[in-house]
Amino acid sequence: MAAMSTNSSTPLDHIRNFSIVAHIDHGKSTLADRLIQSTGGLADREMSEQVLDNMEIERERGITIKAQTVRLHYKAKDGETYVLNLIDTPGHVDFAYEVSRSLSACEGSLLVVDASQGVEAQTLANVYQAIDNNHELVTVLNKIDLPAAEPDRIKDQIEEVIGIDASEAVLISAKTGLGIPDVLEAIVHKLPAPKSEGGEKAPLKALLVDSWYDTYLGVMVLVRIIEGRLSKGQTVRMMGTDAKYTVERVGVLTPKMVAMDSLGPGEIGFITASIKEVADTRVGDTITEDKRPTAKALPGFKPAQPVVFCGLFPVDAADFEDLRSAMGKLRLNDASFSFEMESSAALGFGFRCGFLGLLHLEIIQERLEREFDLDLIATAPSVVYKLFMTDGSERELHNPADMPDVVKISEIHEPWIRATILTPDDYLGGILKLCQDRRGIQIELTYVGTRAMITYDLPLNEVVFDFYDRLKSISKGYASFDYQITDHKEGNLVKMSILVNGEPVDALSMMVHRMAAEKRGREMCEKLKELIPKHMFKIPIQAAIGGNVIARETISALRKDVTAKCYGGDATRKRKLLEKQKAGKKRMRQFGKVEIPQEAFIAALKMGDE
Ligand SMILES: Nc1nc2c(ncn2[C@@H]2O[C@H](COP(=O)(O)OP(=O)(O)OP(=O)(O)O)[C@@H](O)[C@H]2O)c(=O)[nH]1
């Protein structure tokens, strides 16, 4: 951490706290990099591409997962120096929770729209969140360097679809740096300064915006000071958890860490206070001074509710403890990831994990495999069902394998979402069919320029699998999609089991709509027949609802012994062949006498509607 240690007492009217909201890939991170570069936040040689997207997967996938904060000093044309606190936000539908947290710490947003793509689903979702947070907006049309850019048409579209004035939109190319000075001036002159009723003398009232785990400094807490002053050495209290801590470090991220003695009203910075783990901090909590507490806490956040669950199991049972500690470390850094131990007849010991969405699931699995070198099997992603039992009780079902006897269940309710899809007209037919096939109910179909905006209610269970992938392939990547969970509705749902060689494989059991069960069961059996290697005996594969088999396939027996042609051949070749066969077994799971390769699980679970 840099040595500079100062009191931060920037006057309120010289502070601007803002977020950047946009659809995925419209240029938030690149614009953030340019703002950092042009205000000297980092020397050119330190500017690595997308400096704010520091998580390796973010760089690789080119998406923002964690909201990052940076404090910039900008000498404006009026000769005054301003402190600009920027919070970069994730764009993907799975991370709307992160967006809401960063927006609450700011007074305004830059609305970035790709001037060649126009308004997309996340543009709408994120700008509505900013408006809900009473943000002033500065509209920025990005990528005007592209031949396909049509700033005037996109301005009209923004006014028509979002209903905000875009006549003074700032035209930029975050790639070349064109227009960046105009963005900085707009931030200073169009976005409001933070307000502070009680000012610096009032008892400390700070918003806990985010927390993360730093390998050197431990748990770091991002705070926004509303009133009073937060100083090193102060004893503070979290009003939601009543936990007390002594502040050890106070600082800001420029994006390098710079130590400060204290932070005043309107400021955004971080503190450390020997907090053991991220789970001890509650995002949205109010931090106050223990001896002189503020009278009223801030309105808190509802914690992110996981909406997709799946089982994660080590391919090699000996890796269970490594998996447990790896998940504990990830949890340090990702408060929205939840897990609890689970045992499966088919897969042994593992964890039932909760995620914000399918992308979040894939990212966690990828991080576990890459950062902790673990070979994992993920079971079918499933949503949370509400079971209304015949004895009048209610319970939640996170794992189809835990489904009680159907005679004890009177109703099953499943979560529904309201989805917004924006697509070029050419792909409308295919998308409507996809939604109908997934039990969708059309709510609205309107046109936005040359594109269709469709609103559908859909069961979440029909979306978590591969809806997003199918939508992208039907629309050749042009459709965009956003959703909100709405409510639970009764559904004619059944648990479909898969039996391999007469043994139920609980990792492949899933909840399906009764009308779709036979088709799904048939597809699953056909897929597994392709993927499970032949054995020395024939293998029946069945899909069943309770005791009723609804689909079956049979894998014929292997005719010959792989080493047969070696008889009389040299022993070396035979040994090599058997070693190769053994190595192949590493990613297999034994079910009874049948070995199922890990790929079979993943491919079987990712079945589309092809
Ligand atoms: N031609 C051109 N490309 C740009 C411009 N700004 C960003 N890009 C490119 O657009 C892609 C997405 O840019 P990002 O800044 O990662 O977009 P983002 O909105 O941060 O994406 P997420 O992090 O996924 O939310 C990258 O390949 C950038 O190089 C621009 O002004 N002109």
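An axis here is a line fitted to C-alpha atoms, for helices over the stretch in contact, and the angle between two axes runs from 0 to 180 degrees between their N-to-C directions. With that in mind, and remembering that this is a predicted model, begin the tour at two helices.

Select helix H1 (residues 28-38) together with helix H6 (residues 180-190), whose axes come within 10 Å of each other and cross at roughly 85°. Because angles of 65 to 115 degrees count as roughly perpendicular, H1 is described as roughly perpendicular to H6. Now show the side chains at this crossing, where Leu31, Arg34, Leu35 and Ser38 of H1 meet Ile180, Val183 and Leu184 of H6; by class, the contact has 5 nonpolar, 1 polar and 1 charged residues.

Keep H1 selected and add the strands that it lies across, namely strand E2 (15-22), E3, E4 and strand E5 (108-114), with H1 running at about 150° to E2. These strands belong to an open sheet of 6 strands with mixed pairing, in the order E3-E4-E2-E5-E6-E7. Its edge strands, each of which pairs on one side only, are E3 (68-75) and E7 (170-171). At the E3 edge, select strand E4 (residues 81-88) as well, since 8 bridges join these two antiparallel strands, and look for His73, whose bridge partner in E4 is Val83.

Finally, move to strand E16 (residues 286-289), which runs antiparallel to strand E8 (residues 205-214) and is joined to E8 by 2 bridges; here Ile287 in E16 is the bridge partner of Ala206. Strand E11 (residues 235-238) is also antiparallel to E16, with 3 bridges between them, and Arg237 has Thr288 in E16 as its bridge partner.

Note on methods: Residues numbered from 1 in each chain as written. Predicted model: local features only at pLDDT ≥ 70, side-chain atom pairs only at ≥ 80, totals over all residues. Heavy atoms only, no water. Pairing = 2+ DSSP bridges. Helix = DSSP H or I, 4+ residues; strand = E, 2+ residues; numbered from the N terminus. Contact = heavy atoms within 4.5 Å. Parallel < 35°, antiparallel > 145°, perpendicular 65-115°, else oblique. Nonpolar A, V, L, I, M, F, W, Y, C, P; charged D, E, K, R; others polar.
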